[in-house]
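Here is a short tour of one protein chain and its ligand. Keep the structure open as you read.

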Amino acid sequence: MMSAETSGGAVLSRELRDADGTVRCDAVELLRGSLRRRGIPMVEHDRIDTRTGSLTVYSSPVKGVDDVALFAGASAEVREQVRQSVMEWTSVSRARTVLLASPRAFCAGVERAIEIVERALEHRDNPVYVRKQIVHNTYVVDDLARRGATFVEELDEVPDGATVVFSAHGVSPAVRREAARRKLDVIDGTCPLVAKVHSEAKRFAARGDTIVLIGHHGHEEVEGTMGEAPESTVLVETPEDVHALEPADASRVSYLTQTTLAVDETRDVVAALRDKFPQLREPPTDDICYATTNRQDALRAVIEESDLVLVVGSANSSNSVRLVEMSLRMGTPAHLIDSAMDIEPHWLAGATTIGLTAGASAPPVLVRQVVSALGGLGPVTVEERTVTRETIHFGLPAAASRRRSP
Ligand code: 0O3
Ligand code: SF4
């Protein structure tokens, strides 16, 4: 029962019922985050009836905040920590406007990759392995793992002949060869727009060019693309890196980019390349994909009006990190959050207009949770600012839905 579960810790709930009826506790995610940062043990309930058990309900002027902090049997120290957390949120409660940047969240390549894993789980009787995170998002990976997918770092963790999905970021030919040698049942989740960059790398190398790949050292997409022509490819991140380049033939240089870079920063690197190699050859279409570009354009349209920008995305998501950096470059404080739980109260002090977006690997539901959590601190007016509408959809590979042949 309640008192046993709560001894020593806090109890959180989305809903409270008392003699007067039921109250929704929209700010519960915010308080949960504060208590986690303070190391307070918590138990959670979908609903709490305050008429049962010996619970203390904090009283706060803000609807929703007071109702999330209940505890029974907690030590004086825990009670004090909970009290302080509640007061921190109370002190930043006010009416706010949320400017929702659109497009935001899942892109077509991410939706396709996730659906590939879902179909494989549905159609395969045997275990489904996924090499690397299918996309760089903690929520997505945890959710698929819960539904049965086994995530591994490398193919040596996959049994011979087993089913393995390659992540949306693509793999090098060496990984494909290894999978073939091990007779793995491969389902390729590589985004078609990443695959396009791989094709360009092969074509440019075949015509004898030195390929300058603009991208981030150690990123999986970069490792995959470089693997197409490792002898001919050099990686650069900044204009300074370009100055140090010494290709075999300066008249035969072409460039490619990672798909998820900052458009403005990449422009500077390309300008440095053009300066140094006037005969520079470029990809036929931009390698920074439509989704990356649109999310940057959409956020740019709300940054100046915002006191604070929140970007939903995981720390290893390149395109999400680029959105935070863009906001900071434009002078607006910005934070990357995996979910509403990561929001810290002092970020909100003085912030009445919040720009909200999500990287291409972040699920829309997490954005809705952020809006809902902010609504627990006072009335929120949501304005969606749409710079373009995305209609792109990628079909699934046939292998995703095929039953495995015996
Ligand atoms: O490349 P990035 O770290 O941004 O990857 P995410 O976060 O998984 O987003 C999807 C992009 C992708 C799969 C490659 O373009
Ligand atoms: Fe594909 Fe672009 Fe999405 Fe990457 S961000 S998965 S390249 S659509």
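Helices here are DSSP runs of H or I, at least four residues long, numbered from the N terminus. The model is predicted. With that in hand, start with a helix and a charged pair.

**Salt bridges**

Arg119 and Glu115 form a salt bridge, with their closest N and O atoms 3.1 Å apart. Both residues sit in helix α4 (residues 108-123), four residues apart, so about one helical turn separates them. An α-helix has 3.6 residues a turn, so residues three or four places apart point the same way. Is Arg119 buried or exposed, or in between? Arg119 is partly exposed, because its relative accessible area is 27%. Glu115 is also partly exposed, at 26% relative accessibility.

Other pairs reach across the chain. Glu153 forms a salt bridge with Lys132. This pair links distant parts of the chain, 21 residues apart. Glu153 is in the loop between β8 (150-152) and β9 (163-166), while Lys132 is in the loop between β7 (128-131) and α5 (138-146). Glu153 counts as partly exposed, at 46% relative accessibility. Lys132 has 10% relative accessibility, so Lys132 counts as buried; the cut-off for buried is under 20%.

Arg176 pairs with Asp188 in another salt bridge. Here the partners are 12 residues apart, Arg176 in helix α6 (residues 173-181) and Asp188 in strand β10 (residues 185-188). Arg176 is partly exposed, with a relative accessible area of 34%. Asp188 is partly exposed at 24%.

The table sets out the three pairs.

| Salt bridge | Closest N and O atoms |
|---|---|
| Arg119 and Glu115 | 3.1 Å |
| Glu153 and Lys132 | 3.1 Å |
| Arg176 and Asp188 | 2.9 Å |

How many salt bridges does the count come to? The count comes to 28 salt bridges. Some are joined up: Glu118, Asp143, Arg146 and Arg147 are linked in a network of salt bridges.

**A buried arginine without a salt bridge**

Now look at Arg96. Arg96 lies in strand β6 (residues 96-102). Arg96 is buried, yet has no salt bridge. Which side chain of opposite charge is nearest to Arg96? That side chain is Asp307, and it is 7.4 Å away. A salt bridge needs the charged atoms within 4 Å, so Asp307 at 7.4 Å does not qualify.

Backbone oxygens do come within reach. A polar atom of the Arg96 side chain lies 2.8 Å from the backbone oxygen of Val92. The side chain of Arg96 also reaches the backbone oxygen of Leu348, at 3.0 Å. Leaving out residues up to four places away in sequence, Arg96 touches several others, including Ala351, Ile354, Leu377 and Pro379.

**Helix α12 and its cover**

Helix α12 (residues 318-329) has 12 residues. At 1.5 Å a residue, α12 should span 16 Å, and its end C-alpha atoms are 16 Å apart, so the two values agree. After α12 comes Gly331, whose phi is positive, near 95 degrees.

Which residues of α12 are buried? They are Ser318, Asn319, Ser320, Arg322, Leu323, Val324, Met326 and Ser327. Their cover includes helices α10 (263-276) and α11 (290-303). It also includes strands β14 (308-312), β15 (334-337) and β16 (353-358).

Val311 belongs to strand β14. Its relative accessibility is 0%, so Val311 counts as buried. Beyond its neighbours within four places in sequence, Val311 is in contact with residues including Ser320, Leu323 and Val324. Other contacts of Val311 include His335, Leu336, Ile337 and Thr357. By contrast, the C-alpha atoms of Val311 and Ala179 are 36 Å apart, with their places 132 residues apart in sequence.

Val263 lies in helix α10. Val263 touches Ile288, Thr293 and Gln296, not counting residues up to four places away in sequence. Its C-alpha atom is 27 Å from that of Asp188, which is 75 residues apart from Val263 along the chain.

**Around ligand 1**

There are 15 residues around ligand 1. Those that come nearest are His136, Thr259, Ser317, Ser318 and Ser361.

Two α12 residues make polar contacts here. A backbone N or O atom of Ser318 lies 2.6 Å from an oxygen atom of ligand 1. A polar side-chain atom of Asn319 lies 2.7 Å from an oxygen atom of ligand 1. Glu221 offers a polar side-chain atom as well, 3.4 Å from an oxygen atom of ligand 1.

Definitions and conventions. Residues numbered from 1 in each chain as written. Chains lettered and ligands numbered in written order. Predicted model: local features only at pLDDT ≥ 70, side-chain atom pairs only at ≥ 80, totals over all residues. Heavy atoms only, no water. Helix = DSSP H or I, 4+ residues; strand = E, 2+ residues; numbered from the N terminus. Buried < 20%, exposed > 50% of the residue type's maximum accessible area, 1.4 Å probe, protein only. Lys, Arg positive; Asp, Glu negative; His and termini not counted. Polar contact = N/O pair within 3.5 Å; in protein donor to acceptor, adjacent residues only side chain to side chain. Contact = heavy atoms within 4.5 Å. Expected span 1.5 Å × (residues − 1). Near = heavy atom within 4 Å.
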